[in-house]
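Please find below a short note, set out in numbered points. It is intended to be read beside the sequence and the structure.

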Amino acid sequence: MKKGLYRLEAYYAQNATESEKEVLRFLIHQTKEAVETDIHTMAKKCYCSPATIVRICKKNGFSGFRELKQALANDISFSRQLVQGSLSADSDEKIPNIVARVLNANILAIQNVYNLLDFEELGSIITLLLSGRYVYLYGIGASFLVAKDFQQKLERIHKRTFLYEDIHLQLASSANLEKDDLAIIVSYSGLTKEIIEIAGNVKMCGGKIIAITRYGNNKLSSMSDYTLYVPALEKPLRAGAGSSRVPQLSVVDIIYNTCISMEKDKSMEKILSANKLLEKEENDSEQI
């Protein structure tokens, strides 16, 4: 079940042509009316052809206008379920203002993860994860930390994973996958040279790629078999991976918890077993 508004807003800001922007403004600002309008009536209202509207739909991951209208209806229905949070501080309090700004950015990032989530795509990914024996994880910099978090979670439910911190080992690993092996590639930009090389290696080996990357046109998403998007909130020049890391970790949590719920009895048994082992290790360390 896709949602449409964030996709359209991001497309309007990043890639839309002038002829498409009139349609996008109508869809974004008069969403309820758009849901109740047929494609020919909308084309007349926006002074364009129905083909222009269909092109906008397909560029944003929808099969056609009917699917986009359903997505917009989902937005209207589900927006009430989102937790609306906004923190503020007095303008003369510098540190509280910084704290409020950072936390508000994280709140917005998490809300937009929901807006971008395609539940059918998520279901296909869960099926692959549960049926496959091995999972190869890839990421560089802050995205490596997200991949590491994912590895720790998957190992708790007895899913064999491979993740190397050294980029050369990641490249070597990606060139040695077998057909239908599963690779999860985490990259906010989806443009990093080494990451694209890794994705290319996986494709050459016949592996399946699940990408966790920002929404929009990027090389990684075009190469992946399945994609889970995070919102494009940060500028190209970043002091550090702030609000980009939070939605990536949220996506990891979503996948992990969905896996657990799909095989609840098996997963809980494995988690309890892992927890007992870790508790034993902690107790043994305290005694030394």
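Which residues form one aromatic cluster with Y215?

1. The model under review is a predicted one. In it, Y215 shares one aromatic cluster with Y6 and Y229. A search of the whole structure finds five aromatic pairs.

2. Among these pairs is that of Y114 and F119, whose rings meet edge-to-face, with 6.5 Å from centre to centre and 70 degrees between the planes. F119 has a relative accessibility of 30% and therefore counts as partly exposed, since that class lies between under 20% (buried) and over 50% (exposed).

3. Y215 and Y229 also make an edge-to-face pair, with centres 5.1 Å apart and planes at 85 degrees. This pair links distant parts of the chain: Y215 belongs to the loop between β4 (208-214) and α12 (219-223), whereas Y229 belongs to strand β5 (residues 226-230), and the two are 14 residues apart. Is Y215 buried or exposed? Its relative accessibility is 7%, so Y215 counts as buried.

4. A charged side chain is also placed against a ring: K21 lies over the face of Y12, at 5.3 Å from the ring centre.

5. The next topic is the sheet. In general, the strands of a sheet pair through backbone hydrogen bonds, either parallel or antiparallel. Here five strands form an open sheet with parallel pairing, in the order β2-β1-β3-β4-β5. Why is one side of β2 and of β5 left without a neighbour in the sheet? Both β2 (160-162) and β5 stand at the edges and each has a single partner strand, so one side of each lacks a neighbour. From one strand to the next, the twist averages 20 degrees.

6. Within this sheet, β3 and β4 are paired in the parallel sense over five bridges. One bridge joins A183 to its partner I209 in β4. Helix α8 (residues 119-131) packs on the sheet and touches β1 (134-139), β3, β4 and β5. The direction of α8 makes about 125 degrees with that of β5.

7. V186 merits a separate point. This residue lies in strand β3 (residues 182-186), and with a relative accessibility of 1% V186 counts as buried. Which residues does V186 contact, leaving aside its neighbours within four places in sequence? V186 is in contact with Y138, G139, S143, V146, A147, I195, I212 and Q248. The C-alpha atoms of V186 and I210 are separated by 8.5 Å, the two residues being 24 residues apart along the chain.

How values were computed. Residues numbered from 1 in each chain as written. Predicted model: local features only at pLDDT ≥ 70, side-chain atom pairs only at ≥ 80, totals over all residues. Heavy atoms only, no water. Phe/Tyr/Trp six-rings, centres within 6.5 Å; stacked < 30°, edge-to-face > 60°. Buried < 20%, exposed > 50% of the residue type's maximum accessible area, 1.4 Å probe, protein only. Helix = DSSP H or I, 4+ residues; strand = E, 2+ residues; numbered from the N terminus. Lys NZ or Arg CZ within 6 Å of the ring centre and 35° of its normal. Contact = heavy atoms within 4.5 Å. Pairing = 2+ DSSP bridges. Axes fitted to C-alpha atoms, helices over the stretch in contact; angles between N-to-C directions.
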